[in-house]
Each structure stands twice: as structure tokens, then as C-alpha cells.
Amino acid sequence: MPRAIARRPILSGLLPGAAALVAGRAGAQGIEPAEAPRRAERWRDLKQAILGDRPTEPAGPALDLSAPARAQDAALVPVAIALSAAAAPAARALYLVVDENPLPLAAVFRAGQPGALRALTARIRVDAYTYLHAVAEMADGRLLETARFVKAAGGCSAPIAGDLEAARQRMGRMRMSLPEGPPAPGRAVPVQVAVSHPNTSGLQIDQLTRLSIPAEYIRALRVTYAGAEVLRIESEIAIAENPTFGFTLAGAPGGELQVVAADNRDRRFEGRWTLGAAG
Amino acid sequence: MAERRSGRLTRRQGLGLGLAASLATRLADAARPAGAAVEVAPGLFVLPGVAEDASAANLGAIANTGFILGRDAVAVVDPGGSLAHGQRLRAAVAAATRQPIRYLILTHAHPDHVMGAAAFADCGAAVIGHARLPLALAQRGPYDLPMLARSLGAAAAGSGALAPTQLVTERLALDLGGRELVLQAHPPAHTDQDLTVLDAATRTLWTGDLLFVERIPALEGSLAGWLAVLERLRALPAGQAVPGHGPPSVPWPEAAEPLGRYLLALRDGTRAALRAGIGIAEAPDRVAVVEARHWRLAEAYHGRNVTAAYRELEWE
């Protein structure tokens, strides 16, 4: 972990005090004015750690980051990141950061195909009331940033839902959905892929042994279509169980969509679907 | 209320009364102020919760709690949502009988049901729960205690669950002296540690949160599991139920119908959303929205239920 992040009291979010997740609702406070300077400083530190000295600029209408203001489930907060039609073809990479998480960088999306990052979705864990930041890296080197505040807490250390053993047995199964059908020339479409994986954060405790459940998480996904790379995703423990990502796919129908995922134990998972009239 | 009830129960010692007396009690109870125990069947008392979220004003008394009297012993079912709530319940027991509280039954780990246990810490009762209850209490504690402090303020002080001393893996019969209670541990449904209590003598089923009436159900265990458990509970020889939330007693199995309808709407609506490619972010505003309108506090909990259902069903 970069030094600039490590010297903050990053684990404070794990302590009791903001238990929205299990209790199902959070307290009444919003974006606390007294917290604003600390939050701003934290984001400056995070930017330095993740992006180095490169300056960022407000994205304006080029980039939109949306998430529920108050999460239904802090361990599974749906996030959508959209680039404007004008900006999307020039976006090379997209960074998603959960400022107050123990490991704030949640994912980096890298475009293999122009426009692949136009409409991204992910599900994240949120450990404390936090800003989310999205930064788009453009082909000309500019970094466009935007932010969104989310009220949710406890997501990183939240007990694993359901049966961890069952999740392990299902590990590696993949799902793919094409809500608008396969792509066609001139018609890029949204695609969602999901990998069944417990994606344990390393911050959850086995309540019987009182030991940490080791972190086992998907760290990389690569998506190709008809043999060409669409995008790559570098994924961290802030990504919720059963990592589920959405992106935009251009191309002709009938190609094969392939997803290859690898976890931190170097297990490799693969899914293939033919997208077309028959698929 | 205390003196009057105390005298009547001492004469009766629990079970002697017939239906007429029980009905008379119920009619009298209809006029009782909030916070008083209601005798829904001979020797079976319920302290009704309010249909609100826990707050300093209601002291966390949002779930139905109560107790059952036998010839020799008392069983308390769910000690309530705070120390103060538990103390109120304990006072109601003391007003009703001099028999000792020998059993403290926890229907599941949720704070509105267990946080009042601290009020019973010194009475030496066996603390009884589902085999998965200790794990759930351990996992929830670090979240629930601060949350309670946030909801109740200073009134939360001293509240807390008690560690179970006796676990139910399947079934357990308790003898209160001439009165047998049958405790049943269920597979994941409302939570993964739901326990019901059947009082055969009065054909009363204490459901814990496997039954919600009027207040919107909260899904945490398994949607498919809850539907299956509800079917099994319907078949039990009971004529009335004490729901975890709602009136102190309701006709059984009729009172299960709205809950069953809601859970089915949630299941079918979520499956349809999955088929239609509706994402988990959009689903809360699109699934079972009409069915949710029938319930109190739907605005606070329905979206969460849809999220939980989606999470469960997308990998089925």
C-alpha cells in the first residue's frame, strides 16, 4: 500500500460506530461540514498515491458517477460510471476510488476497444460514509475527476452473506447478460459479466475461530470479443462478492465473448459466449 | 393492571381458564394503554411493540415480546430491544406470577428482540436459541450495539444480548410444569437462526420474525427458505400466532397470507427483473412495488429486501 495512504488511520472505519449495514439504515448525518477539510486532504493524498503528480481537472459533463445516496447494503453498493458520448472514445482508463475504505482503490478499467468505458458498472464494499471518486484518463493525458458521496458503512468487514462453503463450491461460475441484445455495426450495447467468487476482503472475521478470513479475491479480468481485447479490469478487495461488472461492447454480432479472470491465489476462471442470433 | 392481574393469575396458576375468560381478557386488553402486557391466551402474555424504527422515544420497544406461565416456571420469549424494554417485560412477569423465570428464549439475533436480555442477566434462566444464534450474535454485536446507541442515545446504556446456554439444532421440548412448549429451529428464512415456540395447550404459535403483520418484513436469511418455512408453519396445530411485529395475536394460519403474498411477489418480481436484464441498482424501484405499498415502513426496507432477493436469486 502506498505510503501516503498508510499513514492515515485507515482502519478506523472498521470500528463500530457506523453500523448501517446490518441494521439496515444509517444515522441522520449527511456530509459533515467539520469533516470536509479532512476528506479533501485524504483525496489529495489518495490522488498522489494512485496517480502521482499528474494534475486532475473537474470532469464536468464528460463524466458522471452515480451510486445510491444511502446504500441498501454496504457490502454491495451498485456504482455506475458514464462518460459522455464525446468523451468516451478518448477514454483510456478509469479509476474508481472509495476514499474511506482501508484499501481505497477499488478498480481500474482499461479500454482495449474505444468506447468500452462509456458506461461502466461495478458493485463495491463501502466501509464508512465516504466520497467515491472516478478519474478518467484520456488519450491526451488529461485526468478528469468527479465525486459522489455515499452513506453506507461496515461493508468491508461485514459478515459474509450466506454460506462461504457454498460460495467456494460455486467459485468460478460465470454469468453474462446482454439486456439490449448483441452488438451490431453502429450499435454498441451494454454487457454485464459476473464471476461467482467469495471475494473475501481479509477484513472479515471468522466468529468461531476469531481469526481473519484470508483475502481471496479476483484481481484481474480480461474481456475479449472476436479475438480482440475489449477491456481489462484490475480489481481489489473493495469489489463486492461475486464481482459483477458492466461495460460497453461494439462490434458485429456472432462473435465470441470471452472473459478470463484470475484471483490472488492465481486461480484462473474462464467464460465464453457466442453473441448473436443463436447466442 | 399489575395488582388485578396478579391476583387473578395466582388463583388460576396458568392454565385453568376456559375460552370465555380468555376472550373477556382480550376485550379488556383492547382498551389497555400501550406498554401493558396483553394476555392473548390463558397464561400467555404479549407486550406489543410499536410499528416504528427504534428511537429514544420508544426505547427500542418495536418488537412483540412476552412470556408464558406454567405451574412451576416462566418462559420469556424475546426480552426486547433495550434494557428498559427488558425491564418493563420483567416487571410484567413479576406482576403476573411469583414463579421463577427459568427460560429466556431468543427467537433470533436481531437487536429489537435480544438487546433487553441484559434485564434478565441475574435471574439464572437458561438462555435458549437456535444452534446458529451464537455465531449471529457474535457477528452482529459490533454493529448492533453502536447502532442502538445511535438510535436510543443514553437510553441504550446497559442493553445487550446474553450468550445462549442451550442450543436447539432441530427441536426442543420445555416443561413449564403442566405446560409443554415445543421449540423448533428452522433453516435460513427471515434470518439463518429463526426459532419458533409452539404452546400446545393454547394452540398458540410464537413465530418470532417468521411472521410480520402490517410492518414490512425484513429479508436476511433466504427468500426461498422463508417461503418453505412458512408452508411448514401453516401446517402446525395452532389457531393463533404471536407475530414478531404486528398485533399481539393474530389468527393462524390466515395471518400468514399477506406475508406469503409479499414474499412471492418479491421472488417472482426479482426473477423477472433478472430475466429482463434489470440491474441490482434499478431493481428496488421496479420489483414488487405495488405489493410493498401495503406495508408500514416499506420506504425504509423494501429496497433492501429487493437487494437481498436479487443477491440470492441471481445465482440460483
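This is a guided tour of a predicted two-chain model, with stops to select in the viewer.

**Stop 1: chain A, whole chain**

Select chain A. Its secondary structure comes to four helices and 17 strands. Of its 279 residues, 53% are buried. Now think about contacts with a sequence separation of 6 or more. In chain A, 69% of them link residues 24 or more positions apart. Turn on the surface: chain A exposes about 11,400 Å². Carbon and sulfur atoms supply 54% of that area.

**Stop 2: the open sheet of chain A**

Show chain A as a cartoon. Look for an open sheet of nine strands with mixed pairing. Its order is β1-β8-β7-β4-β5-β14-β13-β16-β17. Which strands are at the edges? They are β1 (57-58) and β17 (268-274) of chain A, and each pairs on one side only.

Zoom in on β1(A). Two bridges join β1(A) to strand β8 (residues 143-150) of chain A, and the two run parallel. Select A:P58 and A:E145 to see a bridge: A:E145 in β8(A) is the partner of A:P58.

**Stop 3: A:R123 and its contacts**

Select A:R123. This residue lies in strand β6 (residues 119-124) of chain A. Is A:R123 buried or exposed? A:R123 counts as buried because its relative accessibility is 4%, and the cut-off for buried is under 20%.

Add B:E314 to the selection. The side chains of A:R123 and B:E314 make a polar contact at 2.7 Å.

Now show the other neighbours, leaving out residues up to four places away in sequence. On the chain A side, A:R123 touches A:L76, A:V77, A:P78, A:A238, A:I239, A:A240 and A:T244. On the chain B side, A:R123 touches B:I280, B:Y310 and B:E314.

**Stop 4: chain B, whole chain**

Switch to chain B. This chain has nine helices and 13 strands. Buried residues make up 58% of its 316 residues. Among chain B contacts between residues at least 6 apart in sequence, 68% join residues at least 24 apart. The exposed area of chain B is about 11,800 Å², with 56% of it from carbon and sulfur atoms.

Color chain B by confidence. The average pLDDT is 89, and 89% of the residues score at least 70. Then select residues 1-33 of chain B. There pLDDT stays under 50. The model has 48 contacts for this stretch beyond four places in sequence. Where pLDDT is low, the predicted coordinates should not be read in detail.

**Stop 5: helix α6 of chain B**

Select residues 223-234 of chain B. This is helix α6, with 12 residues. From first C-alpha to last, α6(B) reaches 17 Å, close to the 16 Å expected at 1.5 Å a residue.

Add B:S222, which caps the N-terminal end of α6(B). A side-chain oxygen of B:S222 lies 3.5 Å from the backbone nitrogen of B:A224.

Next, show the buried residues of the helix: B:L223, B:G225, B:W226, B:L227, B:V229, B:L230 and B:L233. What do the buried residues of α6(B) pack against? Their partners in chain B are β10 (195-199), β11 (204-212), α7 (257-275) and α9 (298-313).

**Stop 6: B:L233**

Stay in α6(B) and center on B:L233. This leucine is buried, with a relative accessible area of 1%. Leaving out residues up to four places away in sequence, B:L233 touches B:H186, B:T196, B:L205, B:L210 and B:W252. For a distance check, pick the C-alpha atoms of B:L233 and B:L211. These are separated by 9.8 Å, with the residues 22 apart along the chain.

**Stop 7: backbone exceptions in chain B**

Most residues other than glycine have a negative phi, and most peptide bonds are trans. Three places in chain B are worth a look against that background.

- B:W252 and B:P253 are joined by a cis peptide bond, with omega about 5 degrees. B:P253 sits in the loop between β13 (250-251) and α7 of chain B. B:W252 is one of the residues that B:L233 touches.
- B:E214 has a positive phi, near 75 degrees. Find B:E214 in the loop between β11 and α6 of chain B. B:E214 counts as partly exposed, at 38% relative accessibility.
- B:L297 has a positive phi of about 65 degrees and is not a glycine. Find B:L297 in the loop between α8 (289-292) and α9 of chain B. B:L297 counts as buried, at 16% relative accessibility.

How values were computed: Residues are numbered from 1 along each chain as its sequence is written. Chains are lettered from A and ligands numbered from 1 in the order in which they are written. This is a predicted model: local features need pLDDT of at least 70, side-chain atom pairs count only at pLDDT 80 or more; totals for chains, interfaces and linings use all residues. Side-chain values use heavy atoms; hydrogens and water are left out. Buried means under 20% relative accessible area, exposed over 50%, partly exposed in between (1.4 Å probe, protein chains only). Contact means heavy atoms within 4.5 Å. Accessible areas come from the Shrake-Rupley method with a 1.4 Å probe; for residues, only the protein chains shown count as cover. The expected span of a helix is 1.5 Å times one less than its number of residues. A polar contact is a pair of N or O atoms within 3.5 Å; within protein, one must be able to donate a hydrogen and the other to accept it, and residues adjacent in sequence count only if both atoms are side-chain atoms. Two strands pair if DSSP finds at least two bridges between them. pLDDT is the predictor's confidence in each residue, from 0 to 100.
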